[in-house]
Amino acid sequence: MPRTPARRRRPYRHTAVTFLAALALALTPATAHAAGDFAPVPPHNPYAGPDGTATMHGDTGSSDTTPLAGPGAGTLGAQRTALASACPTVLAGADGYPVALCTPIFGQVPTVHLLDPDDGSSLAELALVKGSLLGGVYAYLDHEDRLVLADGGNRLLRVGHHRAADGSWKLTVDRSLSLASAVPAGDAVTGLSPDWRGRVWFATGGGVVGTADDTTGTVRALTLPAGERVANSISTAPRGTAVTTTHATYLLTAGADGTPRISWRAPYDRGSARKPGLLSWGSGSTPTFFGPASGTEYVTIVDNADDAAHLEVYRSADGTRICRVPVLRAAAGPASENSPVAAGRSVFVAGTYGYPYPAVPEGAGDSVPASAGFAGGLTRVDVAADGSGCSLVWDNTLRSAAVPKLSTADGLLRTVLRDPLVPGTGGTSLLDPYRYAEIDPATGTVVRSARVGVGSLYDTLQMAGTITPDGAYLQGTVTGVLRITAG
């Protein structure tokens with residue numbers, strides 16, 4: 001029988017969320033879109049932390065939505081917590097304390113930081129075993145506010161934060177399970193997510209997909225076809241686990257003993273080579289569950305076709321493709337390393353073609369062409385009400401430098417834009433200005449923005465932001481974490 005999570009008090013999941021959402025709606029500019037237009041979202045996973053803040057992509061379905069409202073009315077300001085680290089994962093548990101998984105510039109040893117919810121400063125830190133470049137990227141918070149991740153030694157860890165009698169904080173490994181029986185030597189876990197039985201699904205760069213139960217010590221695995229790599233995270237929904245490799249998207253389920261099995265496989269056009277602004281030769285997407293009834297009827301990714309980037313939408317029940325729509329055409333940037341944002345029938349895609357990443361994972365291969373200017377672009381596509389196809393709603397040239405996040409509380413898309421040093425020109429430089437922006441999802445227009453910094457210290461490196469219970473927007477950068485507030 002499925003295990004039931006232990007009951008624990010969640011300070012803001014119900015009453016506080018409702019209050020904050022109502023307050024933000026009263027204070028947010030009138031141009032904010034009606035939040036109800038983008039619903040439903042994937043259901044809450046009982047083995048994950050609060051929706052919107054438990055995973056890099058908001059929930060285990062990777063919708064990149066949040067039920068929390070962002071900064072309200074007032075002057076926008078940004079405070080930077082300098083950690084000398086790139087911080088791609090910034091999450092927050094039911095207790096409101098943000099937890100960041102960062103990779104230091106020097107040494108590149110993944111490090112967990114517990115942040116002060118009031119000012120973003122680091123309260124405690126814990127260094128982990130070093131692994132691959134992507135080994136310090138994907139993690140999630142479980143229903144007990146523990147950070148779940150795989151370290152460089154291929155151990156599944158649950159890292160908790162605990163307060164001592166003197167008020168100081170400490171991060172500790174509360175539980176550990178070796179995945180060595182399933183992960184071949186030289187391979188490493190890329191992404192992981194819990195299912196509805198409490199098992200942790202994981203995928204490795206080499207194409208192994210498995211489940212781990214760290215209460216029983218059971219680990220089961222399946223190897224996908226030779227040559228297929230997993231370069232992004234994975235997503236879970238009641239129907240199963242979605243995994244996108246460098247060749248295809250899969251939906252997998254597991255038997256009672258946890259052994260994975262393939263429910264369906266949908267190949268996509270991976271193009272003839274890796275493009276500049278991508279970190280692998282294939283789709284850059286963590287697959288996203290969405291849909292108009294349960295929030296999980298569909299799964300979507302962006303392909304890597306040579307001529308254009310296409311949004312591909314499949315039925316999660318059987319993998320039937322509903323549509324394949326060219327996106328990011330206005331910006332002429334045929335690539336996206338970011339997971340699509342989706343809610344209800346709407347999907348939003350941010351382009352990364354030409355983004356100047358300082359490094360790419362080992363084995364990613366040369367890009368063709370070798371380099372390109374950062375094109376950017378943001379596109380909205382809607383699935384027809386009867387599920388018969390898709391249509392382009394809007395397409396623009398905004399240069400998002402982060403994974404956008406959609407608030408269903410105040411109806412706004414949020415991201416950080418990387419503007420050119422000389423307005424009206426293309427390309428990037430070490431002196432580019434970065435701008436926090438709120439975007440109307442109905443039209444794609446920026447309704448409010450504020451500069452958060454200038455220069456490479458503020459590079460958000462296409463990482464995801466997170467809204468905290470108090471309305472602050474936390475955004476990882478190559479050197480730490482930005483805390484954006486208003487008032």
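In this predicted model, P369 sits in the loop between strand 24 (346–350) and strand 25 (378–383), and the peptide bond that joins V368 to P369 is cis, with omega about -5°. A second cis bond, with omega near -5°, runs from A39 to P40, and P40 is found in the loop between helix 1 (15–27) and strand 1 (65–66). Most peptide bonds are trans, and most residues other than glycine have a negative phi.

That second expectation leads to two further loop residues. D64, which is found in the loop between helix 1 and strand 1, has a phi near 55°, a positive value in a residue other than glycine. A84, which is not a glycine either, has a positive phi of about 50°, and its place is in the loop between strand 2 (76–82) and strand 3. The surroundings of these two residues can be described by their accessibility: D64 has a relative accessibility of 0% and therefore counts as buried, whereas A84, with a relative accessible area of 41%, is partly exposed.

These loops belong to a chain that contains one helix and 34 strands. For 487 residues, a compact globule would be expected to have a radius of gyration near 23 Å, and the 20 Å of this chain agrees with that expectation. The C-alpha trace spans about 55 × 55 × 45 Å along its principal axes, and 61% of the 487 residues count as buried. Where contacts link residues at least 6 apart in sequence, 57% of them join residues at least 24 apart.

Turning to the interior, the largest nonpolar core has 21 residues, of which Y355, Y434, Y436, V452 and L461 touch the most other members. Strand 30 (433–439), strand 31 (446–454), strand 32 (463–467) and strand 34 (480–486) each supply at least two residues of this core. A second core, separate from that one, has 17 residues, including Y97, V99, A139 and L171. Within the largest core, Y355 can be followed through its contacts: leaving aside residues up to four places away in sequence, Y355 touches G277, F374, A401, R418, Y434, D459, T460, L461 and Q462.

Strand 34 also holds G480, which is buried because its relative accessible area is 0%, under the 20% cut-off. When residues up to four places away in sequence are not counted, G480 touches T81, L83, S85, C87 and Q475. The C-alpha atoms of G480 and L457, which are 23 residues apart along the chain, are separated by 8.5 Å.

Rolling a probe the size of a water molecule over the atoms shows where empty space is left. The largest pocket has a volume of about 800 Å³ and is lined by 34 residues, of which A86, Y357, P358, L461 and M463 lie nearest its centre. L461 thus appears both among these central lining residues and among the members of the largest nonpolar core that touch the most others. By class, the lining of the largest pocket consists of 20 nonpolar, eleven polar and three charged residues, and strand 3 (85–92) and strand 4 (98–104) each contribute at least two residues to this lining.

Strand 4 is also where T103 lies. With a relative accessible area of 18%, T103 falls under the 20% cut-off and so counts as buried. The C-alpha atoms of T103 and F348, 245 residues apart along the chain, are separated by 28 Å.

Apart from the pocket, the structure holds four cavities of 30 Å³ or more. The largest cavity has a volume of about 120 Å³, and of the 15 residues that line this cavity, T55, A139, L192, S233 and I234 are the closest to its centre. A139, one of these central residues, is also a member of the second nonpolar core. Strand 11 (residues 189–194) gives the largest share of the lining of the largest cavity, with three residues, and the lining as a whole has seven nonpolar, seven polar and one charged residues.

Technical notes:
Residues are numbered from 1 along each chain as its sequence is written. This is a predicted model: local features need pLDDT of at least 70, side-chain atom pairs count only at pLDDT 80 or more; totals for chains, interfaces and linings use all residues. Side-chain values use heavy atoms; hydrogens and water are left out. On a 1 Å grid over the protein atoms alone, a cavity is a set of points where a 1.4 Å probe fits but cannot get out, and a pocket is an open set with protein on both sides within 12 Å along at least five of seven lines; lining residues have an atom within 4 Å of a point. Grid points are joined across faces, edges and corners, and a volume is the space filled by probe spheres set on the points. Helices (H or I, at least four residues) and strands (E, at least two) are DSSP runs, numbered from the N terminus. Ala, Val, Leu, Ile, Met, Phe, Trp, Tyr, Cys and Pro count as nonpolar, Asp, Glu, Lys and Arg as charged, and the others, Gly among them, as polar. A nonpolar core is a set of buried Ala, Val, Leu, Ile, Met, Phe, Trp, Tyr and Cys residues joined through side-chain atoms within 4.5 Å. Buried means under 20% relative accessible area, exposed over 50%, partly exposed in between (1.4 Å probe, protein chains only). Contact means heavy atoms within 4.5 Å. The radius of gyration is taken over C-alpha atoms; the globule rule is 2.2 Å times the number of residues to the power 0.38.
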